[in-house]
Amino acid sequence: MKALSLQGLSKTYKGGTTALSDVSLDVEEGAFFGLLGPNGAGKSTMIGIISSLVTMSSGSVEIFGFDLNRHEWEAKTRLGLVPQEFNFNGFETVEQIVLNQAGYYGIRRREARVRAEKYLRQLGLWEKRGDASRTLSGGMKRRLMIARALIHEPPLLILDEPTAGVDIELRRSMWAFLREINARGTTIILTTHYLEEAESLCRKIAIIDEGRIIEHTSTQALLNRL
Ligand code: ADP
Ligand code: ADP
């Protein structure tokens with residue numbers, strides 16, 4: 001089963017910038033996949049399209065076999081997104097943010113509470129559940145975005161630069177957490193600037209540059225050539 005399949009994906013923004021040119025890419029279920037590339041390569045555009053935040057100009061996206069253009073809800077519910085920027089209401093509490101997300105997916109209140117506790121505990125945020133999110137440290141905000149992305153238990157988790165700007169200790173504990181959920185079956189795709197991060201986590205990687213995939217290989221094969 002393919003967790004993600006991109007076919008001939010292109011995006012030209014209104015101003016005329018072509019961010020993606022005819023990108024095709026398959027990610028198998030269970031993979032831990034890294035998307036690398038310099039600034040402006042098109043990584044955020046690709047993630048934006050996959051998570052329905054950016055419209056595609058042409059091509060198709062399938063998430064676990066569901067075409068985003070034809071079965072948007074089926075596709076969307078199979079995906080959890082951890083964006084690069086904190087985008088929650090800073091006045092809502094940690095628990096409220098996660099429960100609201102559960103509500104969006106139609107998860108019943110009782111079940112939502114059970115899951116909220118489970119994921120907030122796993123991410124070391126349970127003690128903070130009653131705090132307004134704006135009072136959290138940067139590392140906690142990142143962990144809150146992960147908890148929020150997991151609440152509907154998506155089989156595919158996509159993280160955009162998950163450890164940019166976090167200290168080494170938190171980075172290592174986030175790596176351990178991601179490895180664990182991948183080992184339990186969640187397919188993970190992340191973008192990163194850190195080759196060390198891709199090397200440590202990802203079995204396969206694609207390198208994107210100027211809107212095109214210029215390399216798609218196992219991480220080991222790439223490292224052997226460096
Ligand atoms: P990356 O995430 O790899 O840094 P992006 O997808 O953000 O790359 O950007 C790819 C290209 O698209 C860049 O040239 C960028 O300036 C352009 N771009 C990104 N977002 C927009 C937008 N909303 N409107 C116009 N151009 C954009
Ligand atoms: P920061 O100051 O970096 O924003 P905190 O000081 O709030 O972060 O807490 C960071 C600590 O939380 C980490 O050192 C780590 O030991 C702990 N932690 C517990 N569970 C997790 C997890 N699942 N992912 C990341 N960190 C976790």
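In this predicted model, a nitrogen atom of ligand 2 is found 3.0 Å from a polar backbone atom of Q122. Two further pairs of atoms link ligand 2 to the protein in a comparable manner, and the table sets out each pair with its distance.

| Residue | Atom of the residue | Atom of ligand 2 | Distance |
|---|---|---|---|
| Q122 | polar backbone atom | nitrogen | 3.0 Å |
| G139 | backbone N or O atom | oxygen | 2.8 Å |
| S173 | polar side-chain atom | nitrogen | 2.7 Å |

When ligand 2 is taken alone it exposes 570 Å², and the protein buries 66% of that area.

**The shell around ligand 2**

There are 14 residues around ligand 2, and those that come nearest are Q122, S137, G139, M140 and S173. Sorted by class, this shell holds 5 nonpolar, 6 polar and 3 charged residues. Which helices each supply at least two residues of the shell? They are helix 5, which covers residues 138–150, and helix 6, which covers residues 168–183. Helix 6 provides the largest share of the shell, with 5 residues.

**The nonpolar cores**

Away from the ligand, the side chains can be followed into the interior of the protein. The largest nonpolar core is made of 44 residues, and within this core the residues with the most contacts are L120, L144, I146, L157, L159 and L178. Helix 5, which also supplies residues to the shell around ligand 2, gives the most to this core, namely 7 residues. A second core, separate from the one just described, has 28 residues, among them L4, L25, F33 and I208.

**L120 and A147**

L120 offers a closer view of how such contacts are made. If its neighbours within four places in sequence are left aside, L120 is in contact with V94, E95, V98, L125, W126, R129, L144 and A147.

The last of these partners, A147, lies in helix 5. Is A147 buried or exposed? A147 counts as buried because its relative accessibility is 0%, whereas the cut-off for that word is anything under 20%. With its neighbours within four places in sequence again left aside, A147 is in contact with V98, Y119, L120 and L123. V98 therefore appears in the contact lists of both L120 and A147, given that contact means heavy atoms within 4.5 Å. As for a residue elsewhere in the chain, A147 and L35 are 112 residues apart in sequence, and their C-alpha atoms are 22 Å apart in space.

Key
Residues are numbered from 1 along each chain as its sequence is written. Chains are lettered from A and ligands numbered from 1 in the order in which they are written. This is a predicted model: local features need pLDDT of at least 70, side-chain atom pairs count only at pLDDT 80 or more; totals for chains, interfaces and linings use all residues. Side-chain values use heavy atoms; hydrogens and water are left out. A residue is near a molecule or strand if one of its heavy atoms lies within 4 Å of it. A polar contact is a pair of N or O atoms within 3.5 Å; within protein, one must be able to donate a hydrogen and the other to accept it, and residues adjacent in sequence count only if both atoms are side-chain atoms. Accessible areas come from the Shrake-Rupley method with a 1.4 Å probe; for residues, only the protein chains shown count as cover. Helices (H or I, at least four residues) and strands (E, at least two) are DSSP runs, numbered from the N terminus. Ala, Val, Leu, Ile, Met, Phe, Trp, Tyr, Cys and Pro count as nonpolar, Asp, Glu, Lys and Arg as charged, and the others, Gly among them, as polar. A nonpolar core is a set of buried Ala, Val, Leu, Ile, Met, Phe, Trp, Tyr and Cys residues joined through side-chain atoms within 4.5 Å. Buried means under 20% relative accessible area, exposed over 50%, partly exposed in between (1.4 Å probe, protein chains only).
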